Amino acid sequence: MSYSDKVIDHYNHPRNVGSMDKASTDVGTGLVGAPECGDVMKLQIKVNRETNVIEDAKFKTFGCGSAIASSSLATEWVKGKTVDEALAIKNMDIVKELSLPPVKIHCSVLAEDAIRAAIGDWKKKQEATTPVAAEAK
Amino acid sequence: MRAAHFCESCGKVQPPVPVDYFSFFGLPPRLSLDVAALEKSFYELSRKLHPDLNARAGSQEQEWSLEQSSLLNDAYRTLRDPIKRTEYLLHLEGVLLEEQSKSATEQARATGELKKQIVPPDLLEEVFELNLHLEELRMNKKMGDDDPALFEEIGKAKLSLEAKHEALLRELQTYWKEWDGLIDRGPDASTTDRQRVSGKLVDVLNRRNYIRNLVRDVNAAMEN
Ligand code: FES
């Protein structure tokens, strides 16, 4: 199986590799795994509380080239989007952009899962840190 | 009952009929399997089905022998391995391992609820952490550095992983027994029961995947 040029590019020059402070209330962390192959991916987002815009994203993936490329692309895509816009990203969008073959679809699923998990984590933190505002309503 | 590989009256090789691997050996689809007996029956059958022993080259019978022999090889290789056997059984049960995760993601997308990760979060954390350590170890090696403390830590992790792997195989066997119990009950066992047990089997296999990959990576990183 040969990787597409885009996959190779992301693999050789992954964007946004790194990590952010997991404890920060602005940061959402998604740690997910693909049961099919045992790979793991961590994706983190930093969200502006006023605008709900994702200002920064970082990832770290231990897995195949397609998983690395998918998560690298995912961080690029979510940056500058609002949380709701980011939730609209589907794994098949990633498949198309990277021309992933059918056996590598689960790698893109992993990236979508990671985005969702990170946003879910961030949302949970927001609910937990704004009980006063919620009660005031 | 063993699938009819040979003609009852003349003993000649018959055309292969589409059967599952268990039936090919005349076995019920039970997971606790006597591997020694399987091996014996494999050698017996493979002698009898051997294409060279069966009639003229190019004849219909020889063609059937070829087909039956290759089916026999596949069946044997699948059933003798505990993991492959379990995966194969799940495949027979219609469980699509690959599809599961995808459809769970689709459901999460549609409902907005968080997808339940098949692998428990603390295991994921552990896997992630260890991978970080391994990366560090590889980096050190590249730079010609030696960090005995790191090496020792990874060595400890390796032992604990191997213990986990053993434990998972034992866990797998307890579900085998549950499954076999259902098979022995025959048609009395309900579909819900089968699904419940096959779900547990899937769960163990998934967790094992993580561990197996890690053990492999740890070994590779420590060796070179
Ligand atoms: S092969 Fe596992 S994520 Fe790609």
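1. A residue counts as buried when its relative accessible area is under 20%. In this predicted model, Thr61(A) has a relative accessible area of 9% and is therefore buried.

2. Thr61(A) lies in strand 3 of chain A, which covers residues 54-62. Leaving aside residues up to four places away in sequence, Thr61(A) touches Val40(A), Met41(A), Ala67(A), Ile68(A) and Ser71(A). With Ser71(A) there is also a polar contact, side chain to side chain, at 2.8 Å.

3. The largest nonpolar core comprises 56 residues, and Phe25(B) and Leu201(B) have the most contacts inside it. Several helices of chain B each supply at least two residues of this core, among them helix 2 (35-49), helix 3 (60-80) and helix 7 (148-185). Helix 8 of chain B gives the largest share, 12 residues. Both domain 1 (2-80) and domain 2 (115-223) of chain B contribute at least three residues each to this core.

4. A second core, separate from the one above, has 34 residues, including Met41(A), Ile45(A), Ile54(A) and Ala117(A). Met41(A) is also one of the residues that Thr61(A) touches.

5. The two chains meet through 22 residues of chain B and 25 residues of chain A. About 2,200 Å² is buried between them, and carbon and sulfur atoms give 57% of this area.

6. Between chain B and chain A there are 2 salt bridges. Glu135(B) forms a salt bridge with Lys60(A), with the closest N and O atoms 2.8 Å apart. The interface also holds 5 residue pairs in polar contact, counted at pLDDT 80 or more for both residues. On the side of chain B that touches chain A, helix 5 (97-111), helix 6 and helix 8 each supply at least two residues.

Note on methods:
Residues numbered from 1 in each chain as written. Chains lettered and ligands numbered in written order. Predicted model: local features only at pLDDT ≥ 70, side-chain atom pairs only at ≥ 80, totals over all residues. Heavy atoms only, no water. Core = buried A, V, L, I, M, F, W, Y, C linked by side-chain atoms within 4.5 Å. Buried < 20%, exposed > 50% of the residue type's maximum accessible area, 1.4 Å probe, protein only. Helix = DSSP H or I, 4+ residues; strand = E, 2+ residues; numbered from the N terminus. Domains from an automatic or database assignment. Polar contact = N/O pair within 3.5 Å; in protein donor to acceptor, adjacent residues only side chain to side chain. Contact = heavy atoms within 4.5 Å. Buried area = accessible area lost by both parts, 1.4 Å probe. Salt bridge = Lys/Arg side-chain N within 4 Å of Asp/Glu carboxyl O.
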